[in-house]
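Got the viewer open? Load the model, switch to cartoon with side chains on demand, and follow along.

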Amino acid sequence: MHQHVSRALCRGQNYLSQSNIYRTTVIQPSNLPTCRFASWSQSSRSLSTTAATKPARSYTPVSRAPTPPPTKSPEELAGASYIVRRTPSIQLPVYRRFASGGNREVVLIKKVDGDRKKLLEDLVETLGVSKQDIRLNPTTQHIELKGDYYEKTKSWLLERGF
């Protein structure tokens, strides 16, 4: 019975009018408290409701310099052996992914066109990444770097004009 009452509180009048359980008991929907969430606590068997208004969310803006636009023209990029295209919001497609409960960091480079293996070799040479810590994902064709190479990778791509 208690579970049906909590469902009725959250679903509203439609539940009360369609339910067969409440055909014998008269419950006035106008007398029911309005709430967003209703739950029964197991210890006291009483209905606990949360406040109808949410607390104000504190928002602290992130102070970060915007990503500069590409320095090379599309004609210059067309002659390169590989291209790293920008996202629709003109950002570099470099992402961080944390694994193992946040203990391991993997940097992803997406949107690579052209010779991906050449890009792997260039990253190994210039960033000092070992060959064991970088790979080309065969399914997604994304480049994955193990370790904290996020800022180095973004600055390296900006230097190359992407």
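Start by selecting Leu92, which counts as buried at 5% relative accessibility (buried is under 20% relative accessible area, exposed over 50% and partly exposed in between, with a 1.4 Å probe and protein chains only). You're looking at a predicted model, where local features need pLDDT of at least 70, side-chain atom pairs count only at pLDDT 80 or more, and totals for chains, interfaces and linings use all residues. Residues are numbered from 1 along each chain as its sequence is written, and side-chain values use heavy atoms, with hydrogens and water left out.

Leu92 sits in the loop between S3 and strand S4 (94-99); helices (H or I, at least four residues) and strands (E, at least two) are DSSP runs, numbered from the N terminus. Now show what surrounds Leu92. Leaving aside residues up to four places away in sequence, Leu92 touches Thr67, Arg86, Thr87, Lys154, Leu157, Leu158 and Phe162, where contact means heavy atoms within 4.5 Å.

Keep Phe162 and add Pro74. Their C-alpha atoms are 9.8 Å apart, although the two positions lie 88 residues apart in sequence numbering. Pro74 belongs to helix H3 (residues 74-78), and with a relative accessible area of 62% Pro74 is exposed.

Go back to Leu92 and measure across to Lys111: C-alpha to C-alpha you should get 9.1 Å, for 19 residues of sequence separation. Lys111 is in the loop between S5 and S6. What is the sign of phi at Lys111? Positive, about 60°, although Lys111 is not a glycine. Lys111 counts as partly exposed, at 27% relative accessibility.

For another non-glycine with positive phi, select Gln141, where the angle is about 65°. Gln141 lies in the loop between S7 and S8 and is partly exposed at 29% relative accessibility.

Next stop: helix H4, residues 116-127. H4 has 12 residues and spans 16 Å from first C-alpha to last, close to the 16 Å expected at 1.5 Å a residue (the expected span is 1.5 Å times one less than the number of residues). Color its buried residues: Leu119, Leu120, Asp122, Leu123, Val124 and Leu127. Their cover includes strands S3 (82-84), S5 (104-109), S6 (112-114), S7 (134-136) and S8 (143-146), along with H5. Just after H4 comes Gly128, with a positive phi near 75°.

Now bring in H5 (residues 150-159), which packs against H4 at an angle of about 110° with the axes 12 Å apart. That makes H4 roughly perpendicular to H5; under 35 degrees counts as roughly parallel, over 145 as roughly antiparallel, 65 to 115 as roughly perpendicular and the rest as oblique. To redo the angle yourself, fit axes to C-alpha atoms over the stretch in contact and take 0 to 180 degrees between N-to-C directions. Select Leu119, Asp122, Leu123, Thr126 and Leu127 of H4 with Lys152, Thr153 and Trp156 of H5 to see the contact. By class, it has 4 nonpolar, 2 polar and 2 charged residues.

Finally, zoom out. The protein chain has 5 helices and 8 strands, running α-α-β-β-α-β-β-β-β-α-β-β-α from the N terminus. Of its 162 residues, 28% count as buried.

Note on methods. Nonpolar A, V, L, I, M, F, W, Y, C, P; charged D, E, K, R; others polar.
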